[in-house]
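The following exercises are to be solved with the sequence and the model at hand. Each task is followed by a worked solution.

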Amino acid sequence: MAAAHRTARHGGFVSCGHRILVPVTFGRRSGVALALDWIRAAEAQLGASLSTLEEPRRKLYEARFACEVLVACRDRLLLRTGDPSSTDVGEWVTTADRWLRRIVELEGGLKDLAVDNLAAIAERATRKEEPAAAPSSGSLTAIIWEHVAEQCLLIRKALTDARAVTPGFRALTEAQDRETVIRVLTHAEHVLGPLRPDPLAESTHIRLHTINAAADNAIFPGLPTETKERVNAKLSGNTLMNFASFLSARWRLNDWTWGRMDAASALVDVVAERDGFGSTDLRDELELLRTDLVGVDPRLKALIGESLPEDDLCGDAVARLLKRWLQWNIVLQEVPLLMTLQAKSVDGNPLPDLDESAKSETFTQDDKDVLLTVGKESVADLLTRSSLRRTAMRLGLVAWRAVQPVGKLWAGAFAVLKPLVLPPILVGFLAPVPSMVAAALGWITLTVATDARFSWPGHLLVVLGAGVAAACALLRWWPKKNVRTTVLTLLRGLFTVGVAAGGAYLWLRFGAELTWLRPLVVMALTGVAVVTSLWSVTEAWRSLAIGMASGLFAGVVVGAVIWLSSEPLNGVVAALAMYGALAVETVLLTRWFPAARTASTPSAAVASQT
């Protein structure tokens with residue numbers, strides 16, 4: 001009660017000493033919230049709703065709405081009446097409060113919280129002209145307090161009749177008259193008000209339910225039984241620390257579709273558990289539901305089946321049928337677009353005419369298996385697509401800048417290392433077979449420049465680069481572990497070795513005496529090697545331009561050395577010439593990033609990606 005007296009003395013504010021802290025002029029908001037919490041706590045304990053509580057609940061919602069309107073009106077008046085230079089916040093709020101009281105009096109009071117009356121008050125509070133002089137006394141929200149107290153008494157009676165006891169609401173339960181209820185709510189306001197920054201927000205009973213990618217699927221009964229294998233069969237983006245879906249629109253759509261189906265299944269389980277499907281006789285509902293669903297979409301007949309299940313009540317069968325119906329509709333909405341993306345080999349964002357071409361009318365049950373096809377893909381499979389290789393090339397070039405340490409010394413060291421890292425390793429990872437062929441051409445180039453089957457350190461560097469590309473090829477194809485890919489990998493390796501050995505032999509056998517031809521052959525082989533390695537990781541014109549520039553550099557260096565010395569290059573000079581060609585390639589790659597494919601129209605863009 002002392003708190004109530006202090007509140008009255010300070011014009012509707014909770015005070016600590018002489019300093020005003022918390023305005024409670026519209027503190028009845030917490031009282032409304034407390035009464036609503038009382039109803040929810042009682043119903044949660046009873047496990048059911050009471051019809052006798054419906055009217056008090058409705059009246060409390062009216063009171064809550066009135067509080068919201070009055071607070072909004074007072075806030076608008078604060079903006080109109082406030083003095084920015086004043087430090088007396090209490091007087092500012094009190095003035096706005098008294099103006100609002102005057103507006104309410106001019107509209108004839110709150111009139112039992114009628115909506116039209118509240119609307120008139122709000123309209124007058126937002127006018128530009130100032131209201132008449134405000135009265136110095138009077139309680140604006142006394143009617144709200146009386147309204148809430150009356151509903152609390154009705155709640156108490158309903159709970160007493162139902163013999164429901166709600167822990168935590170003892171004071172309200174024991175209050176037998178309106179004055180006592182108001183006193184309880186006043187004390188609760190001062191205690192709970194600062195603890196509830198938004199008392200008008202709905203207090204909702206929240207339950208958490210898991211959507212799990214390991215869940216079974218009603219229309220894909222052949223999924224693996226082991227949890228990890230089932231998740232891997234569904235999802236494409238659960239690699240690279242679950243960020244792999246950023247690489248492909250097809251992967252994003254695939255994982256999104258599985259997520260929708262798993263969510264539908266989980267929601268049916270929640271409803272079935274809440275409504276007791278397992279203990280309810282639903283045989284008639286099952287047959288009616290089966291007939292209706294097949295009538296809507298005959299394609300569901302094979303998924304649903306013909307006969308009733310063996311269990312007596314059919315509750316579980318109804319849940320399974322609902323899952324199949326929901327998941328089938330999700331498949332109809334999402335999979336036609338996925339099929340179009342798959343057919344057109346599009347991994348970028350879907351384009352408008354793809355959505356238009358993805359129709360579900362001709363969609364068959366077998367078409368849904370495209371989800372399993374996409375789900376089996378790996379990052380290595382994606383890198384067989386030129387658009388993804390270009391994206392990875394751009395990412396690698398940006399990442400090199402990102403990892404470079406600060407300081408001129410480090411910058412110089414990274415600049416020297418860059419030609420030995422980006423073309424051999426990054427391109428070797430993204431395009432291993434072209435990189436192996438490029439390494440074979442580089443071996444021949446060094447043989448032509450030095451007239452030696454093996455020279456140190458150039459040929460050694462070529463072997464290391466070819467080894468990186470071969471290792472990347474093994475990492476890409478070894479997980480498939482089938483005869484075809486194994487044989488193809490071996491044949492590619494043998495072809496590379498054969499090209500290198502055959503080219504070197506032919507030059508040493510027939511061309512070693514053609515000194516004038518040596519620079520031209522070096523130029524041509526270097527250009528072809530660079531174009532071969534870059535062809536699938538950047539645009540054609542970029543690869544040709546970079547190949548021509550690199551080849552020209554190598555040819556000029558070799559020609560200048562031969563002209564000055566009249567001898568083939570030694571191993572060190574040949575290696576430096578090769579390093580210079582790689583440096584030219586690296587500089588031009590950094591200058592001309594592989595660009596994302598664009599087109600002026602969606603159709604042209606689709607054509608460019610097929």
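Contact means heavy atoms within 4.5 Å. The model is predicted: local features need pLDDT of at least 70, side-chain atom pairs count only at pLDDT 80 or more, and totals for chains, interfaces and linings use all residues. Residues are numbered from 1 along each chain as its sequence is written, and side-chain values use heavy atoms, with hydrogens and water left out.

**Exercise 1.** Determine whether Arg230 is buried or exposed, and describe its surroundings.

Solution. Step 1: locate Arg230 in helix H9, residues 227-234; helices are DSSP runs (H or I, at least four residues) numbered from the N terminus. Step 2: apply the cut-offs, namely buried under 20% relative accessible area, exposed over 50% and partly exposed in between (1.4 Å probe, protein chains only). Arg230 has a relative accessible area of 8% and is therefore buried. Step 3: beyond neighbours within four places in sequence, Arg230 contacts Ala214, Ala215, Asp216, Leu223, Pro224 and Thr225. Step 4: a polar atom of the Arg230 side chain lies 3.0 Å from the backbone oxygen of Pro224.

**Exercise 2.** Compare the span of helix H22 with the expected value.

Solution. Step 1: the expected span is 1.5 Å times one less than the number of residues. Step 2: for the 17 residues of H22 (518-534) this gives 24 Å, and because the end C-alpha atoms are 24 Å apart, the two values agree. Step 3: examine the cover of H22: 12 of its 17 residues are buried, including Val521, Leu525 and Val530.

**Exercise 3.** Classify Leu576 as buried or exposed.

Solution. Step 1: Leu576 lies in helix H24. Step 2: its relative accessible area is 56%, so Leu576 is exposed.

Methods: Helices (H or I, at least four residues) and strands (E, at least two) are DSSP runs, numbered from the N terminus. A polar contact is a pair of N or O atoms within 3.5 Å; within protein, one must be able to donate a hydrogen and the other to accept it, and residues adjacent in sequence count only if both atoms are side-chain atoms.
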